[in-house]
Number of protein chains: 2
Amino acid sequence: MGVILSLGERKAGTASLEPLVECTQDGMEAVNRLILERTGSQVTLIPEVARYLVDSGGKRMRPMLTVACARALGYEGEGHVRLAAAVEFMHTATLFHDDVVDESNTRRGKRTARLLWGNKETVLVGDFLLGQAFKMMVDVGSLDALRVLSEASATIAEGEVMQLGTAKNTETTEDEYLEVIRGKTAALFQAAAEVGPIVAGADRATRAAFRSFGANLGIAFQLIDDALDYGGATPALGKNVGDDFREGKLTLPVVLAYRRGSPEDREFWRRTLVEGQTDDEALAGAMSRLAETSALADTVDRAKHYGAMARDALAPAPESPEKAALLEAVEFCVARVH
Amino acid sequence: MGVILSLGERKAGTASLEPLVECTQDGMEAVNRLILERTGSQVTLIPEVARYLVDSGGKRMRPMLTVACARALGYEGEGHVRLAAAVEFMHTATLFHDDVVDESNTRRGKRTARLLWGNKETVLVGDFLLGQAFKMMVDVGSLDALRVLSEASATIAEGEVMQLGTAKNTETTEDEYLEVIRGKTAALFQAAAEVGPIVAGADRATRAAFRSFGANLGIAFQLIDDALDYGGATPALGKNVGDDFREGKLTLPVVLAYRRGSPEDREFWRRTLVEGQTDDEALAGAMSRLAETSALADTVDRAKHYGAMARDALAPAPESPEKAALLEAVEFCVARVH
């Protein structure tokens with residue numbers, strides 16, 4: 001019978017993204033070359049934005065997923081590189097449009113594209129990237145991959161629209177919030193993971209396994225992001241804490257703290273999120289309410305549930321360095337909160 | 001700030017359905033009277049089946065939910081009784097049809113309706129009950145309640161059809177299995193809980209809270225049922241263990257054990273579920289594999305996650321004996337596994 005590796009416990013605290021970065025290195029270098037190539041344009045703004053994008057230093061989780069999921073199934077071709085670049089373009093287009101919609105000035109500590117080049121330009125470069133993404137998918141020639149990625153594209157937009165409705169609505173339930181992040185985050189993780197087996201010619205069950213892996217990893221990833229924005233499971237006021245709060249963004253920690261709080265607590269959350277009272281004193285009030293209601297610790301617990309689902313989804317896949325790296329990436333995503 | 005009642009810990013092991021039974025007693029007596037009244041028919045078979053139904057001794061969770069959720073919001077009318085009876089009719093119709101589809105001979109230790117009255121009769125009495133259910137909803141006159149319950153009716157059927165596809169498919173992912181139980185179990189729990197606030201005239205946020213409560217309670221309830229069928233979290237071969245197994249029913253414990261197992265383990269599960277090798281020796285093999293892969297304990301863990309979501313969903317509702325009873329019912333459902 002199978003040996004049960006309790007990765008969750010074995011790797012706690014030591015899980016790393018390194019194995020995933022290493023085993024996708026060749027593929028990701030090809031992805032970067034393709035990104036630069038596909039953003040060549042007579043319009044000088046576009047190569048400039050492309051460089052910004054290549055240098056932006058994100059973790060590149062999504063395209064790494066595509067590369068690793070294809071390679072995990074022994075794929076030896078080049079299609080996964082184009083699909084991975086398409087996934088990254090879709091992701092960047094979403095970020096560009098989000099920053100304009102949210103009027104954000106910084107992202108990962110850098111000035112946003114809309115501040116550097118303007119709102120209209122940023123929206124249109126986003127559209128250009130989306131168009132290029134679909135062109136690359138067409139080049140790969142897999143209608144299945146096109147279907148999966150275009151569905152994700154629609155679902156992401158749907159999730160963003162849904163978020164406009166929940167953004168200032170403190171009554172949002174956890175289920176409703178999950179719908180939002182299934183759209184805005186999990187849909188692309190899911191598609192990024194599923195196009196791997198598609199391009200590798202895997203069967204229906206394997207596709208379903210990778211799709212489920214990607215979706216649940218995406219949910220776990222987003223929930224941990226939500227907790228990290230308030231300093232993680234054991235919060236302390238730090239200098240990068242509270243960006244979501246200041247933007248009046250409703251995330252799971254707030255959903256839980258609101259629901260679990262007293263009528264006075266709920267009044268407090270309405271003042272901050274709806275009326276925009278988000279100064280340092282309000283942030284301190286938010287942090288203490290998050291701690292008293294265990295909202296951050298329970299957000300991490302919820303994330304662990306989706307991490308466990310992601311692991312079980314991938315379990316039947318054949319053993320490979322990529323599979324091991326993907327499983328460790330789940331641990332990393334969940335553990336980075338400490 | 002709010003006082004955090006860690007119901008999960010406080011009530012562990014002592015949680016009971018009694019408070020829910022007590023606070024819905026008057027309503028449920030009216031529901032039983034209505035069931036007998038609405039199954040009066042010139043066709044003698046129908047009152048006979050009705051008596052079988054009233055005496056069948058199920059926990060009546062679903063109609064109790066409707067009664068309690070309406071009363072929790074101060075509803076003083078009689079509409080909730082009709083809606084609760086409609087919910088129970090819908091549930092019974094589903095059971096009747098299921099037993100025919102699955103060719104089951106016993107349910108809760110009693111001979112099934114199809115053995116007592118025949119397959120055709122059981123299907124048609126199910127249809128009669130569904131028709132009566134909709135008539136009672138129409139009597140209440142709430143289009144919103146009709147919409148919620150008719151949506152549930154369609155979703156339940158969809159879940160059952162989906163289950164035909166997953167029944168013998170050992171490759172089913174946890175996400176796919178969750179879709180099945182969202183349909184076949186959670187949809188009616190969700191609707192049963194949501195028509196309470198609807199008939200009580202509650203606002204959108206309150207409806208969403210109760211809907212989410214019902215859905216997550218339904219998922220937790222089903223997962224614990226799945227675990228109990230193999231004797232609970234710490235399995236031991238008992239005389240009522242293994243009904244799902246002998247019927248070749250794919251449930252979450254099997255999904256997890258299959259995915260976590262070795263290639264030989266997977267071969268074993270295919271032999272049992274697909275080829276129907278479900279004798280006592282096979283059951284013993286299943287039990288030891290479920291234990292070695294922690295599949296039962298983790299099914300219970302998953303159920304706890306949905307139980308926690310149900311609690312948080314209901315948290316903002318005004319305090320009342322019914323709310324307390326509903327929260328304790330969540331604990332009871334999750335704790336009954338020990």
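Trainee: Is Ala286(A) buried or exposed?
Mentor: In this predicted model, Ala286(A) has a relative accessible area of 0%, and because buried means under 20%, Ala286(A) counts as buried.

Trainee: OK, and which helix does Ala286(A) lie in?
Mentor: Ala286(A) belongs to helix H15 of chain A, the helix that covers residues 280-292.

Trainee: Which residues does Ala286(A) touch, leaving out those up to four places away in sequence?
Mentor: With those sequence neighbours set aside, Ala286(A) touches two phenylalanines, Phe245(A) and Phe268(A), together with the tryptophan Trp269(A).

Trainee: What separates the C-alpha atoms of Ala286(A) and Arg111(A)?
Mentor: Those two C-alpha atoms are separated by 26 Å, and along the chain the two residues are 175 residues apart.

Trainee: Back to Trp269(A), then: which helix contact does Trp269(A) help to make?
Mentor: Trp269(A) is one of the H14(A) residues in the contact with H13(A). The axes of helix H13 (residues 252-260) and helix H14 (residues 263-273), both of chain A, come within 8 Å and cross at roughly 145°. On the H13(A) side the contact is made by Val254(A), Ala257(A), Tyr258(A) and Arg259(A), while H14(A) brings Arg266(A), Trp269(A), Arg270(A) and Leu273(A).

Trainee: How many of the residues in that contact of H13(A) with H14(A) are nonpolar, and how many are charged?
Mentor: The residues of this contact divide into 5 nonpolar and 3 charged, with no polar ones.

Trainee: Let's zoom out: how many helices and strands does chain A have?
Mentor: The secondary structure of chain A comes to 17 helices and 2 strands.

Trainee: What does the radius of gyration say about chain A?
Mentor: A compact globule of 338 residues would have a radius of gyration near 20 Å, and chain A has 20 Å, so the value agrees with that expectation. Along its principal axes, the C-alpha trace of chain A spans about 60 × 60 × 30 Å.

Trainee: And how much of chain A is buried?
Mentor: Of the 338 residues of chain A, 59% count as buried. The accessible surface of chain A comes to about 13700 Å², and 51% of that surface belongs to carbon and sulfur atoms.

Trainee: New topic: what rotation superposes chain B on chain A?
Mentor: A rotation of 180°, with 0.0 Å of shift along its axis, superposes chain B on chain A with an RMSD of 0.0 Å. That is the relation of a two-fold axis.

Trainee: Which residue of chain B comes closest to the rotation axis?
Mentor: That residue is His305(B), whose C-alpha lies at 3.6 Å from the axis.

Trainee: Why can we say the copies meet through the same surface?
Mentor: We can say so because 100% of the interface residues of chain B are also interface residues in chain A.

Technical notes
Residues are numbered from 1 along each chain as its sequence is written. Chains are lettered from A and ligands numbered from 1 in the order in which they are written. This is a predicted model: local features need pLDDT of at least 70, side-chain atom pairs count only at pLDDT 80 or more; totals for chains, interfaces and linings use all residues. Side-chain values use heavy atoms; hydrogens and water are left out. Axes are lines fitted to C-alpha atoms, for helices over the stretch in contact, and angles run from 0 to 180 degrees between N-to-C directions. Helices (H or I, at least four residues) and strands (E, at least two) are DSSP runs, numbered from the N terminus. Contact means heavy atoms within 4.5 Å. Ala, Val, Leu, Ile, Met, Phe, Trp, Tyr, Cys and Pro count as nonpolar, Asp, Glu, Lys and Arg as charged, and the others, Gly among them, as polar. The radius of gyration is taken over C-alpha atoms; the globule rule is 2.2 Å times the number of residues to the power 0.38. Buried means under 20% relative accessible area, exposed over 50%, partly exposed in between (1.4 Å probe, protein chains only). Accessible areas come from the Shrake-Rupley method with a 1.4 Å probe; for residues, only the protein chains shown count as cover. Copies are superposed by least squares on the C-alpha atoms of residues with pLDDT of at least 70 in both.
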